[in-house]
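Hi,

Here is the model I promised to pass on. Have a look, and my notes follow underneath.

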There are 2 protein chains.
Amino acid sequence: MASQGQDELRISELSRRSGVPSATIKFYLREGLLPPGRATAATQAEYGEAHLRRLRLIRALIGVRGLTVNATREVLSAVAEHEADMHQVLGLVLGAMPVDKDQEPDDGPGTSDVNALVAQMGWQVSEFAPARRVIAETLESLRSLGADCTWRTLIPYAELAQQTAVLDLDQLKDADDSLARAERAVLLTVLLEPALLALRRMAQEHESAVRHGG
Amino acid sequence: MASQGQDELRISELSRRSGVPSATIKFYLREGLLPPGRATAATQAEYGEAHLRRLRLIRALIGVRGLTVNATREVLSAVAEHEADMHQVLGLVLGAMPVDKDQEPDDGPGTSDVNALVAQMGWQVSEFAPARRVIAETLESLRSLGADCTWRTLIPYAELAQQTAVLDLDQLKDADDSLARAERAVLLTVLLEPALLALRRMAQEHESAVRHGG
DNA sequence: CCCGCTTGGCGAGTGAAACTATCTACAGAG
DNA sequence: CTCTGTAGATAGTTTCACTCGCCAAGCGGG
């Protein structure tokens with residue numbers, strides 16, 4: 001596209017500008033997280049700005065969010081394949097998140113609660129969404145621990161989640177800067193997660209201080 | 001309460017009733033996650049219902065939430081020490097979450113944004129809360145990736161987080177069943193996290209379907 | 001009292017995951 | 001031609017969460 005005369009980097013420059021050790025870059029190349037550079041010779045390859053951006057994205061997904069290398073690869077390849085269809089990308093990104101190995105249609109205990117919750121909220125959610133299992137498992141765990149926790153307990157949380165999702169999609173709507181929309185989707189859905197949890201913790205601390213007279 | 005004449009279990013029964021291999025139970029005992037049973041002889045000890053419950057809690061924290069053994073131990077011992085003071089427990093639980101090794105007062109880039117956000121929300125949050133660093137890091141990552149993301153972007157999310165925290169504390173308020181309040185605090189703050197993220201993902205999928213005409 | 005089965009405790013081993021270090025060419029600059 | 005830098009591959013390291021195997025000591029039936 002745009003001719004950037006000298007944006008061709010060798011691995012050592014890529015390493016220096018990204019702060020990632022070159023050994024680790026090689027590792028990512030081997031693992032298929034980073035596409036190989038254009039080979040100019042048997043022992044020489046060139047990398048561009050795209051590699052640098054991709055590398056930072058990888059570090060963010062793995063380091064900040066704590067994704068596994070496998071999950072990161074799946075997310076990235078999904079994004080690369082369907083850059084056009086935002087909804088498709090979102091579905092793939094959301095589906096690739098949990099590091100679970102295989103996914104059967106349903107599990108058994110707790111599944112009906114999730115169905116009830118989804119129905120109550122009027123949500124259109126794939127039958128195979130891994131998030132369903134996460135909810136079911138959490139409900140199971142909570143119940144086996146003695147908490148009287150049903151799907152109804154989650155409804156207020158679900159409503160807040162819906163408002164959060166509206167915020168998310170709004171941010172995606174007006175995205176036209178240097179970032180590809182697909183990448184922005186990844187950032188919003190994945191990278192923001194720890195930040196949202198951190199916000200919740202701080203809000204809890206504050207709320208607790210207020211109630212118990214900090 | 002209910003007469004459990006025979007709630008004394010040996011390790012094999014504890015293993016059978018919890019589904020956790022006895023070798024793993026031994027491991028947790030060694031690691032101090034599970035308090036030792038009452039020794040009846042040099043090679044015999046008895047465990048009770050409390051151990052069973054604790055064991056399930058451990059599995060939930062490690063398996064569902066993905067805490068490390070060290071973090072789990074810290075959380076559990078914090079809960080055991082300050083069972084009375086709910087605010088204290090919450091603080092310890094929230095602080096023990098991140099598996100970070102050391103925490104300096106501040107990091108540098110992004111810290112001022114977090115301060116601005118906290119001030120804007122009027123939150124009382126410890127200067128050393130690890131959540132601060134998480135926010136700062138996330139903002140850093142997002143910016144280095146080209147997203148025009150400031151602390152103002154997070155304000156709507158922070159408001160939703162506050163509502164979530166109110167829900168959380170409300171649930172803690174009327175807790176008087178078989179569960180100790182401290183344990184319930186752990187469950188709510190820690191175990192609910194993946195479920196909240198799962199709710200968000202489902203809501204995103206739904207919202208995306210609605211907007212892009214699913 | 002004796003024999004076999006289980007238990008508690010402990011040190012060492014396992015396997016996965018994410019790097020990291022080293023080694024072997026070989027390419028291009030001076 | 002040498003010297004630095006590189007690709008590619010192999011093997012090593014670290015951390016973590018278990019898991020195995022051994023040993024001596026109960027306990028229970030005959």
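Two residues count as in contact when their C-beta atoms, placed from the backbone, lie within 7 Å. This is a predicted model, with local features needing pLDDT of at least 70 and side-chain atom pairs counting only at pLDDT 80 or more, while totals for chains, interfaces and linings use all residues. Residues are numbered from 1 along each chain as its sequence is written, with chains lettered from A and ligands numbered from 1 in the order in which they are written.

First, the protein contact: 69 residues of chain A meet 70 residues of chain B. On the chain A side, α3 (49-64), α5 (86-96), α7 (130-144), α8 (151-173) and α9 (181-211) each bring at least two residues (helices are DSSP runs of H or I, at least four residues; strands are runs of E, at least two; both numbered from the N terminus). The largest share, 23 residues, is from α9(A).

As for symmetry, a turn of 180° and a shift of 0.0 Å along the axis lay chain A on chain B with an RMSD of 0.3 Å (least squares on C-alpha atoms of residues with pLDDT of at least 70 in both). The two copies are thus related as by a two-fold rotation axis. In chain A, A:L160 has the C-alpha nearest the axis, at 3.2 Å.

Then the DNA: 22 residues surround strand D, the closest being A:I11, A:S12, B:F27, B:A42 and B:T68 (near means a C-beta atom, placed from the backbone, within 6 Å). α2(B) gives the most to this surface, three residues.

Cheers
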